[in-house]
Amino acid sequence: MKQTLMGNEAIAWGIVHSNIQMVSGYPGTPSSEILKTVQKIKNDLDLNLYAEWATNEKVGFEVAYAGAISGQRACATMKQVGLNVASDALMSASYIGNKGAMVLISADDPGFYSSQTEQDSRVFAKFARIPVLDPSTPQDGYDFVKLAADISEQFETIVMVRPVMRVSHAREIIEMEEETNFTPTTGAFKRDIPRWAAVPRAGRLQQGFDQLERIEKLKEFNWKKFLEPEFEDKKGGELLVLASGTAYGYIKETLSDIQKEADVVKIIMPYPLPTKELREQFKKYKKVLVLEEPYPCVEEQICDTNVYGKNNGYVHKIDEMTKERVLDVLINVGFYDKENIYKPVEFDIGEEVPPRPPALCPGCPHRDIYFSIMKVFKKNKSIYPSDIGCYTLALAQGAIDTVLCMGGSVSMASGLSIANPDKTVVATIGDGTFFHSGIPPLINAAYQGHKFILVILDNSTIAMTGRQATPERFNQSVNIKKIVDGMGVECYEHTYSHELHKNIDFFKEVREKFKSSNGPLVVVVKQFCILDNPRAKEWVPGEFVTVDEEKCVACDTCTTVYKCPPMHYNEKGKIEIDPFLCAGCGGCLEVLCPTDAFVEDDRSKK
């Protein structure tokens, strides 16, 4: 059967058609659509499988892994920085192994499009000593999940599948199974304390030896299954290209475009590689070029005198692969001696296009809360650490000073309050991020008596990655204020209002309460996501806005501090509101403009 699918959708179908019956993970671009699609398939076909979001990646991995050691087929999904969170469990599990299949999908983001780092999950697989498959296309995404599940069961090891953003979010016509004959197995955990509960030194040392032996067997498997067939028709010559992941498509297209021929071998399993066998093949070539992104994972395993790649300066060392960069590499190694046909043509359009930095959505309540915080606490008297979420876009308002990692705002607030006792530290974190990683550092702050304000922006959704449900929204008995109260921390709740003065007045009260506080003070702001249709309709008042040009003095307050996308200067040098972008939140109708130039539009009365 053929279907046009996004890469992540193809991976989801690969999960179902692999009879994987436990799927758990945490949302994060570019991985989010995988579990979401599995949930949709489950509901549409009424399948008996577990497919749920966890509170963080470590929890998601551990839930799935428990299924795998019980003999079921399981899968954990996350993005590459989420793998850091799951790494504690992964490193131990990689020694222990599994009975049923355990597939770990870690979606990478070369180019930093939606991530703090560009880290390469293939290198993490090498670190953990588990095999990794590197899909080049959405079709590979579908096929490799099924392959990974089989390898995992055969070798009783976790197997990583590592799609990158250009695979996860590309679309392709996928060849897939005609029927979904989902046949899950019954879990049957068998007590084996020396394996499942091995303790250092004797137990884990033996598992370490077993792990090394398993890697050698996987190298042999990699050679026989994937690489030897690739070399059967290769006679040798000027250039051999080893291409991993998306690099395979780029080099094939580039060679076709420049009408040159070279032997290209697709590296399906970039770790572990059969180094000895590969080096024998290298003797047939004048040069061996390694193309991969973003780290030299393959290159470092097979380095030889005639191998060219990142480490000896022939291939770019950061950012994603492109055909322009691939052709630059072919020029660098002396394989192509003409101009780079992919270099963009520069031309003058007669004017400079103004940049459009990322901004919070029109009508987003985060904007009003950040504006209120800055209005009360003043930038020169405060420090504003924040966290990972769509509220990070308040950087455009100048309302955020630091962004580190999930939950980092709380720990950073502790450190900043110690290092800067003359400043008021006001940290912000989302509800999903608080559940993910914000609770332990707040407990630490409570028992250490670190003095700062933590504002939890509770919109009951993980908005940045596709509006997945938070634990609090999914289960009403989970309550942020009760959790904070249980730590012995002062906690106040505030319901967001589109009337700015109410938010400002509340934070003025918080400022006064903080003066007598001996430790952290927490504020939970109940709000909504403007894209969350079921809830947004209850919150948005439908107060659309226009500008009284006679009152506008072009003071820049709305464009530099408030930063709502519909606001821009017209040809007269006056602010105007784009009616197609205005969400009708009415947030700018008071307080914001010093001359009261914003007035209600007639549309509000219709």
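Where does Arg201 lie? In this predicted model, Arg201 sits in the loop that runs between helix 8 (193-196) and helix 9 (202-231). The close-up views below take in that loop and several other places.

**View 1. A cis peptide bond joins Pro200 and Arg201.** Omega for this bond is about 5°. To find the spot, follow the chain out of helix 8 (193-196) towards helix 9 (202-231), since Arg201 belongs to the loop between them.

**View 2. The bond from Thr29 to Pro30 is a cis peptide bond.** Here omega is near 15°. Pro30 has its place in the loop that links strand 2 (22-25) with helix 2 (33-45).

**View 3. Six strands form an open sheet with parallel pairing.** Reading across the sheet, the strand order is 3-2-4-5-7-6. Strand 3 (50-53) and strand 6 (132-133) are the edge strands, and each of them pairs on one side only. Helix 2 packs on this sheet, where it touches strand 2, strand 3, strand 4 (74-79) and strand 5 (102-107). The direction of helix 2 makes about 140° with that of strand 3.

**View 4. Strand 6 pairs with strand 7 (residues 159-161) in the parallel sense.** Two bridges make up this pairing. Have a look at Leu133, which stands opposite Val161 in strand 7. Helix 6 (residues 138-155) lies across strand 5, strand 6 and strand 7. Relative to strand 7, helix 6 runs at about 170°.

**View 5. Helix 9 and helix 11 have axes that come within 11 Å of each other.** The two axes cross at roughly 0°. Because of that angle, helix 9 counts as roughly parallel to helix 11. On the helix 9 side of the contact are Trp223, Leu227 and Phe231, and they meet Glu277, Leu278 and Gln281 in helix 11. Sorted by class, the residues in this contact are four nonpolar, one polar and one charged.

**View 6. Leu273 occupies the loop between strand 10 (263-267) and helix 11 (275-282).** Is this residue, Leu273, buried or exposed? Leu273 counts as buried because its relative accessibility is 0%, and the cut-off for buried is under 20%. Setting aside neighbours within four places in sequence, Leu273 is in contact with Lys219, Asn222, Leu227, Ile267, Leu278, Val298, Gln301 and Ile302. Two of these names may look familiar from the previous view: Leu227 in helix 9 and Leu278 in helix 11. For a sense of scale, Leu273 and Asp602 are 68 Å apart in space, C-alpha to C-alpha, and 329 residues apart in sequence.

**View 7. Gln259 has a positive phi, near 55°, in a residue other than glycine.** Look for Gln259 in the loop between helix 10 (247-258) and strand 10. With a relative accessible area of 74%, Gln259 is exposed.

**View 8. Arg467 has a positive phi, near 65°, in a residue other than glycine.** The loop that holds Arg467 lies between strand 17 (453-458) and helix 17 (471-474). Arg467 is partly exposed, its relative accessible area being 40%.

Conventions
Residues are numbered from 1 along each chain as its sequence is written. This is a predicted model: local features need pLDDT of at least 70, side-chain atom pairs count only at pLDDT 80 or more; totals for chains, interfaces and linings use all residues. Side-chain values use heavy atoms; hydrogens and water are left out. Helices (H or I, at least four residues) and strands (E, at least two) are DSSP runs, numbered from the N terminus. Buried means under 20% relative accessible area, exposed over 50%, partly exposed in between (1.4 Å probe, protein chains only). Contact means heavy atoms within 4.5 Å. Two strands pair if DSSP finds at least two bridges between them. Axes are lines fitted to C-alpha atoms, for helices over the stretch in contact, and angles run from 0 to 180 degrees between N-to-C directions. Angles under 35 degrees count as roughly parallel, over 145 as roughly antiparallel, 65 to 115 as roughly perpendicular and the rest as oblique. Ala, Val, Leu, Ile, Met, Phe, Trp, Tyr, Cys and Pro count as nonpolar, Asp, Glu, Lys and Arg as charged, and the others, Gly among them, as polar.
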